[in-house]
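Reader: I would like to go through this model and ask how each label is earned. Please set every value against its cut-off.

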Amino acid sequence: MQGALGARRERAEALTYTHPRPPWGEPVPVLEGLWWLRLRLPLRLDHVNVWLIEEEDGGLSAIDTGFDDAPTRSAWQRVLEQVFAHRRLVRVLATHYHPDHIGLAGWLCRRYGAELWASRAEWLMARMLALDTSEEFDRAYEHYDRRAGLPEELVQRRRAAGNLWRRRAGAPPGAHRRLRHGDHLQLGRFRFRVIIGEGHAPEMVTLVDEEAGVLIAADQVLPRISPVVSVPPSMPEADVLADFLGSLERYRPLDEGILVLPSHGRPFRGLHRRLDQLAAHHEERLARALAACSEPRTVYEVMPALFDFTIDESQLGFALGETYAHLNHLTARGELAWELADDGALRFRRL
Ligand SMILES: [Zn+2]
């Protein structure tokens, strides 16, 4: 699934986890006026965290939504029509366009009369993917796969699978309130500042309230797993790893003791340690990719060198995208060069 997170477990013992895991679909308070709701995902990464904020006027704001599927809809119905029946859902803030984050925004906004808040790029991406059934969509994937040196059989299977986003997500509302980097938002008792994270998604919204000591980190800073940084077929030559590593620096000025609320995993403290671990993880993967290219290699050939587990077909999309990301970054740094061979595949080699 495009944008899915790999189950790449890392040692992150330096982090301090602050709260136990709540039961599925049961909102639990993590701070005064801020609730944690854990929703199931039918994937190896089996959950997404959403955050509920009590508004002063009796409303409720939701940050992220889960997939658009029957179990997620009923989980929300229980939460909004029973647990929080005394409050009205007034807004859905979607951190980014991936189906586990914005998937149910259309349904929630329609059913409860809520408005959607999102950054422009994330809203546009979600709208585009919701509507894109064009030949051009398939063609971009095919081009991307062929340049990666994927065996023809896999190229055809991926083409037949089509637009996976649409299987997990409904169209988001046709209008939104645009959020930008540096905006200040009052949500309940929190005065958040928007920090845009890049690389995992183009313009991901994360929210910090330094006085309250809380960072809603979306997928930018996760404990235990490294967010997927994947080159999309729509921009096959993009250096998304530079975007990711560059935007991590926007979190450096925040306090080490800040409570980090990630979209996957448990709330934790140890932000700077985690930023260091994420940067070190990618440096180590870059070194592996570089070593793999002492002879000219395709993206598909380099891929196994970057992962400590065997890639099955459900993980192929993200694994390929991550490998592209590391190879494109090394190319941008001037450490690799590629050539397009007669078979239509790129070959990367060390300079
Ligand atoms: Zn994501």
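Reader: How far apart are the mean positions of the positive and negative charges of the protein?

Author: They are 3 Å apart, taken over 45 positive and 50 negative charges. Lys and Arg count as positive, Asp and Glu as negative, while His and the chain ends are not counted. Each charge is placed at NZ of Lys, CZ of Arg, CG of Asp or CD of Glu.

Reader: What kind of model is this, and which values count?

Author: This is a predicted model, where local features need pLDDT of at least 70, side-chain atom pairs count only at pLDDT 80 or more, and totals for chains, interfaces and linings use all residues. Residues are numbered from 1 along each chain as its sequence is written, and side-chain values use heavy atoms, with hydrogens and water left out.

Reader: Why does the radius of gyration agree with a compact globule?

Author: The rule is 2.2 Å times the number of residues to the power 0.38, over C-alpha atoms. For 351 residues a compact globule would be near 20 Å, and the protein has 20 Å, so the two agree. The C-alpha trace spans about 65 × 45 × 35 Å along its principal axes.

Reader: How many helices and strands does the protein have?

Author: There are 11 helices and 16 strands. Both are DSSP runs numbered from the N terminus: helices are H or I with at least four residues, strands are E with at least two.

Reader: Why is Ser119 called buried?

Author: Buried means under 20% relative accessible area, exposed over 50%, and partly exposed in between (1.4 Å probe, protein chains only). Ser119 has 0%, so Ser119 is buried. In the protein, 56% of the 351 residues are buried. Ser119 sits in strand E7 (residues 115-119).

Reader: What does the side chain of Ser119 reach with a polar atom?

Author: A polar atom of that side chain lies 2.7 Å from the backbone oxygen of Glu203. Contact means heavy atoms within 4.5 Å. Beyond four places in sequence, the contacts of Ser119 include His176 and Val205.

Reader: What makes the pair Asn49 and Trp36 a polar contact?

Author: A polar contact needs N or O atoms within 3.5 Å; within protein, one must be able to donate a hydrogen and the other to accept it, and residues adjacent in sequence count only if both atoms are side-chain atoms. The side chains of Asn49 and Trp36 make such a contact at 2.8 Å. The side chain of Asn49 also reaches the backbone oxygen of Pro262 at 2.8 Å. Asn49 lies in strand E4 (residues 47-54). With a relative accessible area of 0%, Asn49 is therefore buried.

Reader: Why is Arg252 called partly exposed?

Author: Its relative accessible area is 24%, so Arg252 falls in the partly exposed class. Arg252 is in the loop between helix H8 (240-248) and strand E13 (259-262). Outside four places in sequence, Arg252 contacts His272, Leu275 and Asp276.

Reader: What is notable about phi of Ala218?

Author: Phi of Ala218 is positive, about 50°, although Ala218 is not a glycine. Most residues other than glycine have a negative phi. Ala218 lies in strand E12 (residues 214-218). At 1% relative accessibility, Ala218 counts as buried.

Reader: Where is Arg224, and is Arg224 buried or partly exposed?

Author: Arg224 is in the loop between E12 and H8. At 39% relative accessibility, Arg224 counts as partly exposed. Phi of Arg224 is positive too, near 70°.
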